[in-house]
Amino acid sequence: MESTAAYLAAARGETPSHTPVWFMRQAGRSLPEYKEARAGTTMLEACRNPEMTCEITMQPVRRYDVDAAVFFSDIVVPLAAIGVGIEIKPGTGPVLDEPFRTEKDLDRLRNLDPCDVPYITEAVGLATAELGPKPLIGFAGAPFTLASYLIEGGPSRDYVNTKTLMRNDPDLWDRLLSKLAAICGEFLRVQTEAGASAVQLFDSWAGSLSEADYRRYALPYATQALMTVPESTPRTYFGVGTSHLLEAMTDTGASVIGVDWRTPLDEAAGRTKGRVLQGNLDPTAVFAEPEAMLAEADKVLAAGRAAPGHIFNLGHGVHPTTNPDQLKRLVDHVHETTAR
Ligand SMILES: Cc1c2[nH]c(c1CCC(=O)O)Cc1[nH]c(c(CCC(=O)O)c1C)Cc1[nH]c(c(CCC(=O)O)c1C)Cc1[nH]c(c(C)c1CCC(=O)O)C2
């Protein structure tokens, strides 16, 4: 299958048969078949059910013919698996029973063992068998982004508690983030061992840090997590609002840098030391008329040519009210206009 090689070829900086395309948060959210599959099941229950996980992972591949599947799970699944009291509230996101704030809270984290997540190994196996040669992207939340949920106790606007802890007690911060890096690295490793052919590390909220703070408080731990995965496996590193961090993010050793919609890819290419780029259509562009949306996509494709490789994606996750027909149009358009 031609489209199969495309994602991995592009991620490795080789010449793909066409520009590969997939969407962050393509599994779940806007698809009616997802809502049907999930009915009556909580998010964490769905993540622990291998058959359901495999089905939801496959749904966008069937509907859109994207060049890669992304594993259906959540960034907090490994934390729940080691006993952190956490729930995923619909429309809100992860919420903790009790936020992390003190030294004593370190005891609530232990290393992740593959035995803690047998359902992940099983679901990855099921999905890769069904996908055949089409790649499966495994993922994890990066230590800073995970820490922000643990310390705030849920989603946050300004990360006041997180940033206060990191400045008041750098030693506790280092111990907490080191533990998270090990957990997140192991979560990635479990997925690649089970058959995922690439990984993406989501540092969604790292953009809230200045470059100096990012380099000190987030980068070392993201690097540690990414280094758990062998260099032969494409490793994408993504964050939102990270225009000012692109150079620093490259220092993690990631092979692909995910760029949000605020920074044109040709500009990003000049700041990412020859890395392959992923992105970056504004997720709201899919709400425009097809012609206007495709014109925006063409701008992304043109700017992407400045990078050594380009994987087409949105600049952040699929919005929950997205019309799936628009995503299908985008995939077809990218495939048709970039075929070599
Ligand atoms: C920050 C973050 C989270 N989770 C994730 C991130 C990083 C990506 C990003 O920046 O958007 C990553 C994630 N979450 C989910 C995936 C699955 C694969 C995919 O389709 O990309 C991935 C890659 C499923 C999910 N994760 C979640 C859902 C929705 C739950 C539901 O349908 O009930 C899905 C399909 C819940 C969740 N979990 C989280 C949030 C913010 C939410 C959304 C809350 C909501 O809008 O309902 C934490």
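In this predicted model, helices H6 and H9 meet through a short list of residues. On the H6 side these are Ile120, Thr121, Val124 and Gly125, and on the H9 side Val190, Gln191 and Ala194. By class, the contact holds 4 nonpolar and 3 polar residues, with no charged residue. Two packed helices are described by the angle between their axes and the distance between the axes. For H6 (residues 118–131) and H9, the angle is about 40 degrees and the axes lie 8 Å apart. The crossing of H6 and H9 is right-handed.

The largest nonpolar core has 110 residues. Ile137, Cys184, Ala222 and Ala225 have the most contacts inside this core. Helix H9, spanning residues 170–194, gives the most to the core, with 11 residues. H9 therefore appears in two settings: as the packing partner of H6 and as the leading contributor to the core, because 11 of its residues belong there.

Ala222 illustrates the contacts around one core residue. Beyond residues up to four places away in sequence, Ala222 touches Ala142, Pro143, Phe144, Leu201, Asp203, Tyr237 and Thr252. Asp203 in turn touches Ala222. The other contacts of Asp203, under the same sequence exclusion, are Ala142, Phe144, Thr145, Ala218, Tyr237, Phe238 and Gly239. Ala142, Phe144 and Tyr237 thus occur in the contact lists of both Ala222 and Asp203.

Asp203 is a loop residue. The loop runs between strand S5 (198–202) and helix H10 (211–217). Asp203 nevertheless counts as buried, because 29 C-beta neighbours lie inside 10 Å and the cut-off for burial is 20 or more. Arg216 follows 13 residues along the chain. The C-alpha atoms of Asp203 and Arg216 are separated by 15 Å.

The ligand is surrounded by 22 residues. The closest are Ala27, Gly28, Gly93, Phe202 and Ser204. By class, the shell has 11 nonpolar, 8 polar and 3 charged residues.

Gly93, one of the closest residues to the ligand, is found in strand S3 (residues 93–96). Gly93 counts as partly exposed, because it has 15 C-beta neighbours inside 10 Å. Leaving aside neighbours within four places in sequence, Gly93 is in contact with Ile88, Gly154 and Pro155. Met43 is 50 residues apart from Gly93 along the chain, yet their C-alpha atoms are separated by 9.9 Å.

The backbone shows some departures from common geometry. Most residues other than glycine have a negative phi, and most peptide bonds are trans. Arg29 has a positive phi of about 65 degrees although it is not a glycine. Arg29 sits in the loop between helix H1 (2–11) and helix H2 (32–38). With 17 C-beta neighbours inside 10 Å, Arg29 counts as partly exposed.

Tyr159 also has a positive phi, near 60 degrees. Tyr159 is found in the loop between helix H7 (143–152) and helix H8 (160–168). Tyr159 is partly exposed, because its count of C-beta neighbours inside 10 Å is 18.

The peptide bond between Gly279 and Asn280 is cis, with omega about -15 degrees. Asn280 belongs to strand S8, which covers residues 276–281.

How values were computed:
Residues are numbered from 1 along each chain as its sequence is written. This is a predicted model: local features need pLDDT of at least 70, side-chain atom pairs count only at pLDDT 80 or more; totals for chains, interfaces and linings use all residues. A residue is near a molecule or strand if its C-beta atom, placed from the backbone, lies within 6 Å of it. Ala, Val, Leu, Ile, Met, Phe, Trp, Tyr, Cys and Pro count as nonpolar, Asp, Glu, Lys and Arg as charged, and the others, Gly among them, as polar. Helices (H or I, at least four residues) and strands (E, at least two) are DSSP runs, numbered from the N terminus. A residue is buried if 20 or more other C-beta atoms lie within 10 Å of its own, exposed if 12 or fewer, and partly exposed in between; C-beta atoms are placed from the backbone. A nonpolar core is a set of buried Ala, Val, Leu, Ile, Met, Phe, Trp, Tyr and Cys residues joined through C-beta atoms within 7 Å. Two residues are in contact if their C-beta atoms, placed from the backbone, lie within 7 Å. Axes are lines fitted to C-alpha atoms, for helices over the stretch in contact, and angles run from 0 to 180 degrees between N-to-C directions. A crossing is left-handed if the near helix is turned anticlockwise from the far one by less than a right angle, and right-handed if clockwise.
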